[in-house]
Amino acid sequence: MSAIDPAEAYCPTEETMRDWIKHSLLRLTRRQFVAGGTAATAALAAGCSGGTDGGALPDGSDAPPPDAPLLDGGPDAPPIDVPPDTAPDGPTPECLETDVDQLGPYYRADAPFRTDLNITHAAGVPLVIRGQVFGPDCVTPIARALLDPWQADDDGIYDNATAAFEFRGRLYADDAGRYEFRTVLPGYYVPRPRHVHLKVDAPGYVSLTTQIYFTDDPQSAGVPRTLRIPLTMDIATGGLVGVFNVVLVAV
Ligand SMILES: [Fe+2]
């Protein structure tokens, strides 16, 4: 394989990167998304600077084997190693409490504790969602908040019956209220925008049931803005990264 000459390399602009993400959200095929990510990775390897900074993202090379224990991120798990340069610094400038959204018909209680929801390594665009849970002042982190995300798979289908609890899981935030889980970009199902359901619970705060949406998804236009997050591409891995901070209301 010949090396890429930096002088001839195509260096994606921020606008181009956002176009790729938008195409992934409107996505036609995973192959098209991967082609964009591959081009970005090649550009990075060739010496491009700039682009989005999504922080570390597992690239699959260290993905757990299929028979790996499902328990991960439980109450006794060590603190999550969130890279300090990507740690969120607040929910919103206006300090808005996170909006409530519908539970929907597909919630399943008692999902396994884990931080990788794609437990069977199903197809899809890799996605990391990370954030921080705050009290109503939007400054005080809530340690060890319990998060319970669930979503449809790449084809917009929920696992409503299997023991794998595919694309479902529970995890605790660390002592600074930070959390992170890995999944894939949820597929569309009529008539919903792409979304990840999320319940958040912590002693002394009102239990929150909500959903996470993506700003570049045109179908999410009418969603409250506390629930819409931008996605950036980690050009080192070709995956997407989004930050969803949560503000809970005191009891
Ligand atoms: Fe849903």
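Over residues 1-12, how many contacts beyond four places in sequence does the model have where pLDDT stays under 50?

1. **Confidence.** The model has 18 such contacts for residues 1-12, and pLDDT stays under 50 throughout that stretch. This is a predicted model, and that matters for reading what follows. Residues 77-90 also have pLDDT under 50. For them the model has 23 contacts beyond four places in sequence. Mean pLDDT for the chain is 77. A value of 70 or more is reached by 63% of the residues.

2. **Overall make-up.** The chain has 2 helices and 10 strands. Read from the N terminus, the order is α-α-β-β-β-β-β-β-β-β-β-β. The chain has 251 residues, and 37% of them are buried. Take the contacts with a separation of 6 or more: 78% are between residues 24 or more positions apart.

3. **The open sheet.** Five strands make an open sheet, ordered β3-β2-β5-β6-β7, with mixed pairing. Its edge strands are β3 and β7 (228-229), each paired on one side only. At the β7 end, strand β6 (residues 208-214) pairs with β7 in the parallel sense, over 2 bridges. There, Tyr 213 has Arg 228 of β7 as its bridge partner.

4. **Strand β2.** Strand β2 covers residues 146-150, and 4 of its 5 residues are buried, so the rest of the structure largely encloses it. On one pairing, β2 runs antiparallel to strand β3 (residues 171-172) over 2 bridges. Leu 147 is bridged to Leu 171 in β3. On another, β2 is antiparallel to strand β5 (residues 196-201), with 5 bridges. Asp 148 sits opposite Lys 199 of β5.

5. **The nonpolar core.** The largest nonpolar core holds 41 residues. Val 133, Val 200, Val 246 and Leu 248 have the most contacts inside it. Strand β1 (residues 126-134) is the top contributor, giving 5 residues. As background, nonpolar side chains tend to be buried together in soluble globular proteins. Val 200 shows how the core residues meet. Leaving aside residues up to four places away in sequence, Val 200 touches Val 133, Ala 145, Leu 147, Leu 208, Val 246 and Leu 248.

6. **The β8-β9 hairpin.** β8 and β9 form a hairpin, with 4 residues between them. The pairing is antiparallel, over 4 bridges. One bridge links Asp 234 to Gly 239 in β9. In the turn, Gly 238 has a positive phi of about 80 degrees. Along β8, Leu 231 and Met 233 point one way, while Thr 232 and Asp 234 point the other way. All four of these are buried.

7. **Thr 237.** This residue lies in the loop between β8 (231-234) and β9 (239-243). Is Thr 237 buried or exposed? Thr 237 is buried, because it has 20 C-beta neighbours inside 10 Å. Its C-alpha is 9.0 Å from that of Pro 126, although the two residues are 111 apart along the chain.

8. **The C-terminal segment.** Val 249 falls in the segment after β10 (246-247). Val 249 has 13 other C-beta atoms within 10 Å, so it counts as partly exposed. Beyond residues up to four places away in sequence, Val 249 touches Glu 97, Pro 136, Tyr 205 and Val 206. Val 249 and Phe 134 are 115 residues apart along the chain, with 9.2 Å between their C-alpha atoms.

9. **Backbone points to check by eye.** Which peptide bond is cis? The one joining Val 190 and Pro 191, where omega is about 5 degrees. Pro 191 lies in the loop between β4 (178-184) and β5.

10. **Positive phi outside glycine.** Asp 110 has a phi near 65 degrees. Asp 110 belongs to the loop between α2 (30-45) and β1. With 8 other C-beta atoms within 10 Å, Asp 110 is exposed. Phe 165 also has a positive phi, about 50 degrees, and is not a glycine. Phe 165 is in the loop between β2 and β3. Phe 165 counts as buried, because 20 C-beta neighbours lie inside 10 Å.

Conventions: Residues are numbered from 1 along each chain as its sequence is written. A residue is buried if 20 or more other C-beta atoms lie within 10 Å of its own, exposed if 12 or fewer, and partly exposed in between; C-beta atoms are placed from the backbone. Two strands pair if DSSP finds at least two bridges between them. Two residues are in contact if their C-beta atoms, placed from the backbone, lie within 7 Å. A nonpolar core is a set of buried Ala, Val, Leu, Ile, Met, Phe, Trp, Tyr and Cys residues joined through C-beta atoms within 7 Å. pLDDT is the predictor's confidence in each residue, from 0 to 100.
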